[in-house]
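Welcome, and thanks for taking a look at this one with us. Please have the viewer open and a few minutes to spare.

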Amino acid sequence: MGDLERELRDLSAWLETPDPPDVTARVRARLNRPARRWRSLVAAAIVALIVAVVLPPTRAAIADVVTGLLRFAGVSIATSPAPTPPGGTASPLPGQRAVALDEAQRAVRFPIRLPARLGPPEQVVVADPDRTGRYRVATLLYDGGALRVDAFDGHLDLAFHKEVTPPGADWVQVNGDFAVWVDRPHVLSYVDRAGGIRRETARLAASTLIWQDNDVSYRLEGDLTKAEAIEIARSLG
């Protein structure tokens, strides 16, 4: 034993050392913390798996399972037990005007495709121009306006907001890609470029098919069955 070690041992007899603290509970809590975190991760993974199974594997679909909100192809769909029906006559979309088909094609940034099952439209309407004069929405009207096809740039944010009663919407397919079918009248509002829902544009819409093709989003609305709507969508030229 060296001199330093001997001196330290002798000194220990003169020192008052407190009893060691009981750290058992603290250690157990720390050991349990990773387990709780792991259980949280597992629960989150299960929720994500459920959403992935229920929803189609497409970048265009985003769902909030808490609020019952679905976003698909530039359209948001919110389920509500009793949506408030719009009163009076809906105002037109921002900057809306009727134009010839060829003018409409020059006024938008995407190709306007006609459904072969419907043929040439009775009227074409464009709406919501940007600072350069390019319009955000092109609408093909048929049957006096009772049947319509809305086309808008799929790269943009939301353009329409729907409020439907449960179960709300069904997943279907158009040319092998996922689409959404709403089989009942519902409240439809326009969503402006700032993301605000324009309640003054709200109107009661008919059954609607929503799909996306080549980064262009489409809404087909009218007194149609699901099969009829899908056939019209498939005939898009």
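This report walks through the sheet, the nonpolar cores and the salt bridges of a predicted model.

Let us begin with the sheet. Eight strands make up an open, antiparallel sheet, and their order is E4-E5-E6-E7-E14-E13-E10-E9. Strand E4 (97-99) and strand E9 (170-174) are the edge strands; each has a single partner strand, so one side of each has no neighbour in the sheet. From one strand to the next, the twist averages 25°.

For a detailed view of one pairing, try strand E5 (residues 123-129) and strand E6 (residues 135-142): these run antiparallel and are joined by six bridges. One residue pair to look for there is valine 126, whose bridge partner in E6 is alanine 138.

Now turn to helix H4 (residues 226-234). Helix H4 lies across E9, strand E10 (177-182), strand E13 (208-213) and strand E14 (216-221), and runs at about 35° to E9.

On to the cores. In soluble globular proteins, nonpolar side chains tend to be buried together. Here, the largest nonpolar core has 30 residues, and the members that touch the most others are Leu209, Trp211 and Leu220. Leaving aside residues up to four places away in sequence, leucine 209 has a list of contacts that includes Val172, Val174, Trp181, Leu220, Ile230 and Ala233. There is also a second, separate core of 18 residues, with Ala73, Val137, Phe160 and Val164 among them.

The charged side chains offer plenty to explore as well, with a count of 15 salt bridges. Three of the pairs are set out here.

| Acidic residue | Basic residue | N to O distance |
|---|---|---|
| Glutamate 103 | Arginine 97 | 3.0 Å |
| Aspartate 213 | Arginine 113 | 2.9 Å |
| Aspartate 128 | Arginine 136 | 3.7 Å |

Aspartate 213 belongs to strand E13, while arginine 113 sits in the loop between helix H3 (101-107) and E5, so this pair ties together parts that are 100 residues apart in sequence.

Are the partners in the other two pairs buried or partly exposed? Glutamate 103 is partly exposed at 28% relative accessibility, and arginine 97 is partly exposed as well, with a relative accessible area of 35%. Aspartate 128, by contrast, is buried, at 7% relative accessible area, and arginine 136 is buried at 4%.

To round off the tour, look for a network of salt bridges that links Arg148, Asp150, Arg203, Arg219 and Glu221. One of these, Arg219, is also among the residues that leucine 209 touches.

Key
Residues are numbered from 1 along each chain as its sequence is written. This is a predicted model: local features need pLDDT of at least 70, side-chain atom pairs count only at pLDDT 80 or more; totals for chains, interfaces and linings use all residues. Side-chain values use heavy atoms; hydrogens and water are left out. A nonpolar core is a set of buried Ala, Val, Leu, Ile, Met, Phe, Trp, Tyr and Cys residues joined through side-chain atoms within 4.5 Å. Buried means under 20% relative accessible area, exposed over 50%, partly exposed in between (1.4 Å probe, protein chains only). Contact means heavy atoms within 4.5 Å. Two strands pair if DSSP finds at least two bridges between them. Helices (H or I, at least four residues) and strands (E, at least two) are DSSP runs, numbered from the N terminus. Axes are lines fitted to C-alpha atoms, for helices over the stretch in contact, and angles run from 0 to 180 degrees between N-to-C directions. A salt bridge is a side-chain nitrogen of Lys or Arg within 4 Å of a carboxyl oxygen of Asp or Glu.
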